[in-house]
Amino acid sequence: MKQKSTNIKLNLKFRNFFGAFLVLFIISFSSIAQVKTTADTTSIKIGEELKVQYEVLADSTDLVVFPDQQTFAPLEVIESYKTDTTYEASKIRLIKRYGLTQFDSGSYTIPPQKIIFNNKFYLSDSINVEVRDVAVDTLKQKMFDIKPVVSVEKPPFKWEKIVYWLLPLLLLAGSLWYYFRRKKKKAEAEKQLPPYEEAIVALQQLDKSDYLIQNKSKEYYSLLTEIVKRYLDREVDDAAQESTTDELIERLQLHKEAGDFDFDAEDIKRLGDILKRADLVKFAKMQQAVGQAEADRAATEEIINHTHEAIPEPTEEELLLDEMYKEEARKKRLKKRILLGSLAGIFILAIATVVLGSVYGFGTVKDTVFGNSSKTLLEGEWVKSEYGVPSIIIETPEVLLRKETGIPAEYADVVLSTSQFEYGAKSDAFSIMLNTTKYRDSVPLDLNQSLEAGLQKIEADGAINMVVKREDFKTDSGIEGLKAYGDFNLQDANGNTLEEKREYTMLMFKQDQAMQMVLMFNEFDNDYVAQIKERIIKSIELEVTENQQKNAQ
């Protein structure tokens with residue numbers, strides 16, 4: 001029996017131990033992090049971003065720490081994205097993304113990453129990545145020598161830029177202060193009660209104060225005298241608040257004698273006594289008898305009531321004059337606001353001009369505000385078209401118009417056809433002319449001779465002091481030609497030489513038995529025109545003739 005009891009106890013202990021072990025096993029198993037590793041691709045170009053993502057499913061109380069950015073070698077971390085958190089039933093899913101890249105081609109392996117989960121380390125899966133070279137077409141993309149290192153001096157700090165930005169901020173702060181101050185005054189003016197109601201409300205608020213309880217007679221009498229003086233200032237005499245006690249009593253007596261107001265002599269006397277006692281309390285710190293302050297307050301209200309009753313109703317003429325005065329005052333305020341607004345606008349415009357001029361240049365600001373024909377051409381809608389046979393394909397700010405030239409009689413035996421297209425005149429800010437001339441098969445063609453003939457034609461049309469620079473030219477499609485450019489002075493119809501220099505650019509091409517010319521004239525040292533010419537020259541294409549195609553084959 002004893003042995004059986006012992007076995008039962010052992011079985012109970014074993015069951016308790018097994019149950020505790022099972023609970024610990026379940027808890028430890030549930031706390032194991034579930035780490036999932038994914039990548040958006042396994043093949044990237046040099047410098048391209050590869051996004052790697054790590055997902056961990058855990059409880060809300062679990063501590064999860066993702067890997068540091070330095071553990072992804074040989075790949076480099078270009079960005080560590082913010083951890084995303086999503087809730088799934090009683091679990092949370094933490095998602096951490098990294099942007100990686102590599103600037104050398106080859107095969108790489110992203111090593112397993114250590115993720116801390118409740119003070120334990122867990123390793124993610126490794127990822128194999130292929131980094132590819134970027135193919136470069138050397139037939140289309142020209143190769144250039146490596147430029148030498150150029151030392152650049154650090155530009156000095158420009159304190160004026162601080163001024164440029166500080167002034168607008170101060171102006172803005174001042175404008176906001178003026179706006180809110182004016183808005184506050186306007187709100188106070190709208191809330192202001194009529195003089196009598198304002199005085200009664202002020203006396204009621206004085207009754208609610210604890211000045212007398214705290215034995216602050218000076219503060220009490222200061223408010224009491226301010227209430228009665230403000231009322232008299234608004235209703236009887238506009239100098240009441242600035243007057244001394246004797247001056248105010250004297251002015252009230254003069255108003256009574258002049259018949260302006262039917263004041264009671266006793267009220268004037270009582271008011272004088274109250275104001276004198278207030279002066280003694282405020283300046284001589286005289287102690288009043290018990291109940292004197294309450295009596296003076298009651299007497300003040302009676303005086304205000306009697307004064308309100310004594311004030312005569314305004315006549316129609318007075319009301320009309322008052323309305324006219326108000327209207328005149330309103331007009332003056334309006335004029336003042338318009339003047340201040342105009343001055344503020346001029347000041348803001350000046351500041352904006354200085355700031356924008358310092359950033360973009362004063363010439364650009366002026367051209368943007370007042371307009372510039374060259375800037376309008378540059379920023380307008382351009383036209384791409386073909387001109388002549390064989391055609392010149394070119395992009396220009398405006399469509400070029402055909403000009404009928406005809407073939408001179410002396411060239412009829414060598415020239416088959418000629419076509420010319422133009423925009424603008426030689427004296428304009430910018431002009432362009434395209435010419436295609438086809439010659440007979442027996443005529444030998446020379447680019448240099450044609451270029452020289454073109455330059456002589458420019459001189460014959462009035463160009464003097466001509467500077468000529470020559471160089472070979474090649475279009476993007478590989479067609480070769482000659483280029484001449486420079487500047488000159490232009491003579492007008494009367495033979496007068498204009499002081500302003502002008503620039504020219506001439507491009508000459510030869511195709512089979514055709515000479516093609518692009519000629520541009522423009523103002524000297526004009527940035528907008530320089531950009532126009534550069535864009536036009538880059539857009540030039542030439543029609544490839546059948547003979548050229550056969551020769552190429």
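At what angle do helix α4 and α7 pack, and how far apart are their axes? The legends below take that pair first and then move through other close-ups of this predicted model.

**View 1. Helix α4 packs against α7.** Here α4 covers residues 217–235, and the answer is an angle of about 5°, with the two axes 11 Å apart. Angles under 35 degrees count as roughly parallel, so that is the label α4 gets relative to α7. On the α4 side, look for Y220, Y221, L224, V228, Y231, L232 and E235. Facing them in α7 are Q292, A293, D296, R297, T300, I304, T307 and H308. Sorted by class, this contact holds eight nonpolar, four polar and three charged residues.

**View 2. Helix α3 also packs against α7.** This time the partner is α3, residues 195–208, while α7 spans residues 292–310. The angle for this pair is about 170°, and the axes sit 11 Å apart. Since anything over 145 degrees counts as roughly antiparallel, α3 and α7 are therefore described that way. From α3, the contact draws on Y196, A199, I200, L203, Q204 and D207. From α7 come R297, E301, I304, N305 and H308. The tally for this contact is five nonpolar, three polar and three charged residues. If you have just come from the α4 view, R297, I304 and H308 should look familiar: they are among the α7 residues that meet α4, and they are also among those that touch α3.

**View 3. A cavity lined in part by α6 and α7.** Searching the whole structure turns up one cavity of 30 Å³ or more. The largest cavity encloses about 40 Å³ of space. Its lining is made up of L232, L252, F263, D267, I268, L271, I303 and T307. Two elements, α6 (265–283) and α7, each supply two or more of these residues. The top contributor is α6, with three residues. By class, the lining has six nonpolar residues, one polar and one charged. Two of the lining residues, L232 and T307, tie this view back to the first one, as both take part in the contact between α4 and α7.

**View 4. A three-stranded antiparallel sheet with a helix lying across two of its strands.** The sheet is open, and its strands run in the order β12-β13-β22 with antiparallel pairing. At the edges are β12 (383–387) and β22 (541–542), each of which pairs on one side only. Between β12 and β13, the latter at residues 392–396, there are five bridges in the antiparallel sense. To get your bearings, find K384, whose bridge partner in β13 is E395. Helix α12, residues 527–539, lies across β13 and β22 and runs at about 150° to β13.

**View 5. A three-stranded sheet with mixed pairing.** This second close-up of an open sheet shows the order β2-β11-β8, and the pairing is mixed. Strands β2 (43–45) and β8 (106–110) form the edges, and each pairs on one side only. Ignoring direction, neighbouring strands here are turned by 30° against each other on average. The pairing between β2 and β11 (residues 127–132) is parallel and runs over three bridges. A handy landmark is K45, which stands opposite R132 in β11.

Definitions and conventions
Residues are numbered from 1 along each chain as its sequence is written. This is a predicted model: local features need pLDDT of at least 70, side-chain atom pairs count only at pLDDT 80 or more; totals for chains, interfaces and linings use all residues. Side-chain values use heavy atoms; hydrogens and water are left out. Two strands pair if DSSP finds at least two bridges between them. Helices (H or I, at least four residues) and strands (E, at least two) are DSSP runs, numbered from the N terminus. Contact means heavy atoms within 4.5 Å. Axes are lines fitted to C-alpha atoms, for helices over the stretch in contact, and angles run from 0 to 180 degrees between N-to-C directions. Angles under 35 degrees count as roughly parallel, over 145 as roughly antiparallel, 65 to 115 as roughly perpendicular and the rest as oblique. Ala, Val, Leu, Ile, Met, Phe, Trp, Tyr, Cys and Pro count as nonpolar, Asp, Glu, Lys and Arg as charged, and the others, Gly among them, as polar. On a 1 Å grid over the protein atoms alone, a cavity is a set of points where a 1.4 Å probe fits but cannot get out, and a pocket is an open set with protein on both sides within 12 Å along at least five of seven lines; lining residues have an atom within 4 Å of a point. Grid points are joined across faces, edges and corners, and a volume is the space filled by probe spheres set on the points.
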